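Subject: Handover of a structure and the findings from it

Dear colleague,

I am passing the following structure to you for your records. My notes on it come directly after it, and I would be grateful if you read the two side by side.

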Amino acid sequence: MTQQGDDLSQVEDQYSQAYAARDIRTGAPVTFSGGAAPAAASAAPQKGKGKAAGIIVGICVVVILALGALSCSATMDELESAFTGGSSDMSAAVPSIAVIDINSTIDYDGSACSPSGLKSRLEAAQEDPLVEGVILRVNSGGGVATAGEEMSHLVAQFAKPIVVVSEATNASAAYEISSQADYIFCAKTTSIGSIGVILQVTDLSGLYEKLGINIDNITSAESKDAGASNRPLTEEERAWYQAMVDEIDADFVQTVADGRGMPLGKVRELANGLPYTGQQAVENGLADEIGYFEDALLYLSQAVGYEGSLPTINYEVSESSLGQLLDLLSAGQSSSSTSDIKAEGMSLPTVE
């Protein structure tokens, strides 16, 4: 064979190799500038390595899910122990005084400012043999009448000594709760008392008329829409609600009189809906002594038989746990609906 024939044969071999070698992902031919095509074994995927990669990915997913479950479990355990006082962190290691903060609106939100929240904390204090008594640290202007009624009953039924220390405000439903304690401290400038009840009804019918808005109320009874914002109350409806307010107020006054050991008539005179200063409250009998937290702690410690102030434990939720709880509640509320049908212009009776 001639030299020219040999060269032609080499070119044909390279062309065949280039045509035969294709990208395994796209199927496109792979060309070469020279030399032999890469071995087919190096281009083909290795099934063993692919399977191993899948196993690794699966293990990672399982680990992530497990860590997430543990995190949720830890968060819920922390929340449960914080609310119930059931964990070792919430138990006293030595004779102590438990502190419960009532520092917001009295309502049904699960906090210490609600019947369920206060109940769980008082039960934890009652069940802990090293808790000698409880200080309620109050800074609240009141709230829902029924919640205040329930919480005042819980304080009245608590078996261990319980003392209130009033901060800036101890009024209305908060004071109703405080009145059931064994002793009440307040600062000279504390706003305290405000014994009374309010039920607000909003009438926007005049505004709706100006805006050309017409609302039809379809009701099962003539006064079912009493308190709706698109019409005023009738005289009969107003009298009905006034009787409700008077009844709730009478119960409030009786509760204070029982808790403070005061004549009913005396409390009735003081129940003008207005707050008193701490100094005035000490003088009229709604509070016992001008003092602050340290004074309340020393008083209660000595009342249970100790010379000096006992250490304290605080039955409260940590900030991080509370934030997580609120996030959970917010997520749940955003996806839920309510079956309640109520008059949009009327609020719950509040003790303010």
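In helix H4, the residues Pro115, Gly117, Leu118, Ser120, Arg121, Leu122, Ala124 and Ala125 are buried. Here, buried means under 20% relative accessible area, exposed means over 50%, and partly exposed covers what lies in between (1.4 Å probe, protein chains only). Helices (H or I, at least four residues) and strands (E, at least two) are DSSP runs, numbered from the N terminus. The model is predicted: local features need pLDDT of at least 70, side-chain atom pairs count only at pLDDT 80 or more, and totals for chains, interfaces and linings use all residues. Residues are numbered from 1 along each chain as its sequence is written, and side-chain values use heavy atoms, with hydrogens and water left out.

The length of H4 agrees with expectation, because its 13 residues should span 18 Å at 1.5 Å a residue and its end C-alpha atoms are 18 Å apart. The expected span is 1.5 Å times one less than the number of residues in the helix. H4 also holds a salt bridge between glutamate 123 and lysine 119, with the closest N and O atoms 2.5 Å apart. By salt bridge I mean a side-chain nitrogen of Lys or Arg within 4 Å of a carboxyl oxygen of Asp or Glu. These two residues of H4 (residues 115-127) are four residues apart, about one turn of the helix. Glutamate 123 is partly exposed at 35% relative accessibility, and lysine 119 is partly exposed at 39%.

Salt bridges elsewhere

The whole structure contains six salt bridges. In one of them, the side chains of arginine 137 and aspartate 101 meet at 2.5 Å, N to O. Arginine 137 belongs to strand E2 (residues 131-140) and aspartate 101 to strand E1 (residues 96-102), so this pair ties together parts that are 36 residues apart in sequence. Aspartate 101 counts as buried, at 12% relative accessibility.

Glutamate 237 and arginine 231 form another salt bridge, at 2.8 Å from N to O. Both partners are buried: glutamate 237 has a relative accessible area of 6%, and arginine 231 has 18%. Asp225, Arg231 and Glu237 are joined into one network by salt bridges that share partners.

The chain and its cores

The chain has 12 helices and 10 strands. Of its 352 residues, 35% are buried. Among contacts with a separation of 6 or more, 70% are between residues 24 or more positions apart; contact means heavy atoms within 4.5 Å.

The largest nonpolar core has 45 residues, of which Val134, Leu136, Ile195 and Leu286 touch the most other members. Such a core is a set of buried Ala, Val, Leu, Ile, Met, Phe, Trp, Tyr and Cys residues joined through side-chain atoms within 4.5 Å. Apart from it lies another core, of 12 residues, including Val163, Val165, Phe185 and Leu297. Not counting residues up to four places away in sequence, leucine 286 touches ten-membered company that includes Tyr175, Ile184, Gly193 and Ile195. 

The surface and three single residues

The accessible surface of the chain comes to about 20,500 Å², and 56% of this belongs to carbon and sulfur atoms. Accessible areas come from the Shrake-Rupley method with a 1.4 Å probe; for residues, only the protein chains shown count as cover. On the surface, Leu204, Leu207, Leu211, Ile213 and Ile215 form a nonpolar patch with about 410 Å² of accessible area together. Patches are made of residues with over 30% relative accessible area and no salt bridge; like charges are joined within 9 Å, and nonpolar side chains (Val, Leu, Ile, Met, Phe, Trp, Tyr) within 5 Å.

Glutamine 279 lies in helix H10 (residues 278-284) and is partly exposed, with a relative accessible area of 32%. Leaving aside neighbours within four places in sequence, glutamine 279 is in contact with Ala187, Lys188 and Ile290.

Most residues other than glycine have a negative phi. Serine 172, although not a glycine, has a positive phi of about 55°. Serine 172 lies in the loop between strand E4 (162-171) and helix H6 (173-178) and is buried, at 0% relative accessibility. Serine 194 likewise has a positive phi, near 50°, and is buried at 8% relative accessibility.

Yours sincerely
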